[in-house]
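Thanks, everyone. Have the sequence and the structure open, and I'll walk through one helix and a few charged pairs.

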Amino acid sequence: MKWLDRVKNSLGWKLMISYLVVIVVGVVTLAVAAESVTPAAFNRHMLGMQQMMMGGQMSMQQMGADLFTNFRAAVTEALLVSTIAALISAILVSLFVSRRVVNPIRQMMRASRHIAEGHYHERVQVVSEDELGQLAQSFNQMAAGLEQTEAMRRELIGNVAHELRTPLSTIKGYMEGLMDGVLSPEPTTYQQVYREADRLQRLVSDLQELSQVEAGAFELDCQSENIAELIQHTATRLRPQFEEKGVNLKVDLPSDLPRVQADEDRINQVLINLIGNALQYTPAGGRVTVAVQRQSSEVLVTVTDTGIGVAGEHLPHLFTRFYRVDKSRSRAGGGSGIGLTITKHLIEAHGGRIWVESAGVDQGSTFGFALPVAKSVSCN
Ligand code: ADP
């Protein structure tokens, strides 16, 4: 029944009904008590009067006055007893009702105190579907969110410590070697130390950027942009590195592309990450192709390489921070496994989406992203 559901889901209705129950219980007790007490009280008072009448000490006038007094005394007595009974039953019912309302709130209070003390696994029981039940549900959601954030924080600190440890111990090793005279003070030794310090610096700035994008603490300066121009710009910038490694870079740009709503610097950063990765994970003699096409209200950009590819089980994790398929290989290239995570956040902040496809190891891979055509969505 619809109205029954409405009452079940509304604390307001439940409170109103509970007030009514208290009133009804009070009134019924009052009536029942009055009904049972009145005859006995009346009889007692009448008996007293009868005895006086039989003694013959009463005039007619006095008898009328006494009758009234006795009647009033009987009614007052009945009212007093039944009021006390009604009061007691109303208090008992109110206690029961208010307990039912207050108990979940008390439980939430206790749980929030526990959470504040760091016990993030704490949850409350959801016993109703009304506002209190919804509050309990929201509370549990909040607790789950906090628990997840806390787990991520711990994991992040663990990852950062791990990432910092390797270059730091390498630098320390070199310095100890130099101090003990095991290593000779040659330019190559200093270059190694410099490279590790450079890696540390990059890692720290990546981390800073990651924390910003993960917290959504960055602003996009969106303009209507020609994506083809942005791709050309990045390709020109990276071409010398492609030539140096012997990888062919092909850019396939149709002439009638719509403009996109984008932050030029951020999209350049995304393109550098994707095209740079394609170069890093493609051996000499391979090819990287950047293609663009329009699909309904989106512009799709794909970066396809003929490189090392990605095994199926790794694909869903590539955008997770610090995830690297081959840690030593990625680290050797200066990778920290943060680039794709930042890229994903940047694309999503533009109202776009990003994906990866690969047929498997040594089958190459395709990283693609879609941006909304200008004006269809404005980025934040
Ligand atoms: P990294 O700085 O380590 O390259 P990314 O976040 O950019 O970090 O990439 C995460 C991981 O995804 C890399 O370590 C690598 O294992 C994998 N990856 C990224 N791009 C490619 C690609 N084009 N081909 C194969 N694997 C890739």
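**Salt bridges and helix α5**

Start with the count. A search of the whole structure turns up 11 salt bridges. Keep in mind that this is a predicted model. I'll take three of the pairs.

First up, E147 and R123. They form a salt bridge, with the closest N and O atoms 2.6 Å apart. This pair links distant parts of the chain. E147 sits in helix α4, residues 131–180. R123 sits in the loop between α3, residues 60–116, and α4. The two are 24 residues apart. Buried or exposed, or in between? E147 has 32% relative accessibility, so it counts as partly exposed. R123 is also at 32%, and it too is partly exposed.

Next, R153 and E150. Here the closest N and O atoms are 2.9 Å apart, again a salt bridge. What separates these two along the helix? About one helical turn, because they are three residues apart in α4. Their surroundings: R153 is partly exposed, with a relative accessible area of 43%. E150 is at 13%, and the cut-off for buried is under 20%, so E150 counts as buried.

Now to helix α5. E196 and R199 both lie there, three residues apart, about one turn of the helix. Their side chains meet in a salt bridge, 3.6 Å from N to O. E196 has 10% relative accessibility, so it counts as buried. R199 is at 18%, which means buried as well.

One more point on the charged residues, back in the other group. Salt bridges that share partners join E150, R153 and R154 into one network.

Let's stay with α5 and look at its geometry. How far apart are its end C-alpha atoms? They are 40 Å apart. The helix covers residues 187–214, which is 28 residues. At 1.5 Å a residue it should span 40 Å, so the model agrees with the expected value.

Which residues of α5 are buried? On the list are T189, V193, L200, L203, L207, E209, L210 and V213. E196 and R199, the salt-bridge pair, are on that list too.

What follows the helix? G216 does, and its phi is positive, near 70°.

To recap. E147 and R123 link distant parts of the chain. R153 and E150 are about one helical turn apart in α4. E196 and R199 pair up within α5, and the end-to-end distance of α5 agrees with its residue count. That's it from me. Questions are welcome.

Methods:
Residues numbered from 1 in each chain as written. Predicted model: local features only at pLDDT ≥ 70, side-chain atom pairs only at ≥ 80, totals over all residues. Heavy atoms only, no water. Helix = DSSP H or I, 4+ residues; strand = E, 2+ residues; numbered from the N terminus. Expected span 1.5 Å × (residues − 1). Buried < 20%, exposed > 50% of the residue type's maximum accessible area, 1.4 Å probe, protein only. Salt bridge = Lys/Arg side-chain N within 4 Å of Asp/Glu carboxyl O.
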